[in-house]
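Trainee: I've just opened this one and could use a hand finding my way around. Mind if I fire some questions at you?

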Amino acid sequence: MAVKFILLTVCVAFFAINRIEAATVPRTKYLAVLQPSTFFEAWQECNSKNGHLASIESRQEQLLVEEAMSKTRNPTAVYFIGGTDLGRRGRWVWIGLNQALEDGTYTNYYPGEPNNLGGDQDCLSIGNWQGYSRGKWDDTECFKKLDGYICAFRA
Ligand SMILES: [Ca+2]
């Protein structure tokens with residue numbers, strides 16, 4: 001009887017843990033593509049792969065993007081992600097989601113960014129830099145060709 005009770009308890013706990021994991025694991029998959037591209041080329045490419053230029057809405061998603069970057073053969077590449085303030089300076093929007101980065105939403109800017117350096121930095125990049133700056137975000141010129149881009153795919 002005691003053995004049955006213990007087994008039942010273990011089973012219930014196992015299913016409960018599985019449910020919690022299913023609820024907390026983000027359902028977005030990310031792909032880092034090494035292909036020199038402007039923001040707009042990157043946007044089109046992700047779209048044509050049935051995804052969107054990456055949005056990053058949580059620390060969990062940030063870690064998945066860092067994992068995707070670490071899988072490429074360039075350990076220090078800089079990629080476009082899908083944030084832009086084109087059309088209204090300072091109002092950042094995830095274009096793949098049509099959603100503004102309101103106050104309080106997750107961000108991972110490098111200290112001092114976004115700084116709109118030179119007055120023409122309207123698109124977000126993420127760097128696979130080493131150390132502290134790894135995975136930090138920076139606003140950069142949309143027409144600059146970065147090393148690549150990150151696509152997101154909703155499961
Ligand atoms: Ca900047």
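Trainee: Is Asn-116 buried, partly exposed or exposed?
Mentor: Keep in mind that this is a predicted model. Asn-116 sits in the loop between strand 5 and strand 6. A residue needs 20 or more other C-beta atoms within 10 Å to be buried, and 12 or fewer to be exposed. Asn-116 has 14 of them, so it is partly exposed.

Trainee: What is the phi of Asn-116 near?
Mentor: Here's some background: most residues other than glycine have a negative phi. Asn-116 isn't a glycine, yet its phi is positive, near 50°.

Trainee: And which peptide bond is cis, with omega near -5°?
Mentor: Look in the loop between strand 5 (99–100) and strand 6 (123–127), where you'll find Pro-114. Most peptide bonds are trans. The cis one here runs from Glu-113 to Pro-114.

Trainee: Okay, over to Asn-50. Is Asn-50 buried or exposed?
Mentor: First, find the loop between helix 2 (39–48) and strand 2 (52–53), because that's where Asn-50 is. Asn-50 has a positive phi too, near 65°. The cut-off for exposed is 12 or fewer C-beta neighbours. Asn-50 has 9 inside 10 Å, so it counts as exposed.

Trainee: What about Ala-68, buried or exposed?
Mentor: Ala-68 belongs to helix 3, which covers residues 59–70. Count its C-beta neighbours inside 10 Å and you get 20. Buried starts at 20 or more, so Ala-68 counts as buried.

Trainee: Which residues does Ala-68 touch, not counting those up to four places away in sequence?
Mentor: Leave out the sequence neighbours up to four places away, and you're left with a short list. The partners of Ala-68 are Tyr-30, Leu-31, Ala-32 and Ile-150.

Trainee: How many Å separate the C-alpha atoms of Ala-68 and Asn-128?
Mentor: Along the chain, Ala-68 and Asn-128 are 60 residues apart. In space, their C-alpha atoms are separated by 9.9 Å.

Trainee: Zooming out, what share of the contacts with a separation of 6 or more comes from residues 24 or more positions apart?
Mentor: Take the contacts in the protein chain with a separation of 6 or more as your total. Residues 24 or more positions apart account for 75%.

Trainee: Last one: in what order do the elements run from the N terminus?
Mentor: The protein chain has three helices and eight strands to place. Of its 155 residues, 32% are buried. Read from the N terminus on, the order is α-β-α-β-α-β-β-β-β-β-β.

Terms used: Residues are numbered from 1 along each chain as its sequence is written. This is a predicted model: local features need pLDDT of at least 70, side-chain atom pairs count only at pLDDT 80 or more; totals for chains, interfaces and linings use all residues. Helices (H or I, at least four residues) and strands (E, at least two) are DSSP runs, numbered from the N terminus. Two residues are in contact if their C-beta atoms, placed from the backbone, lie within 7 Å.
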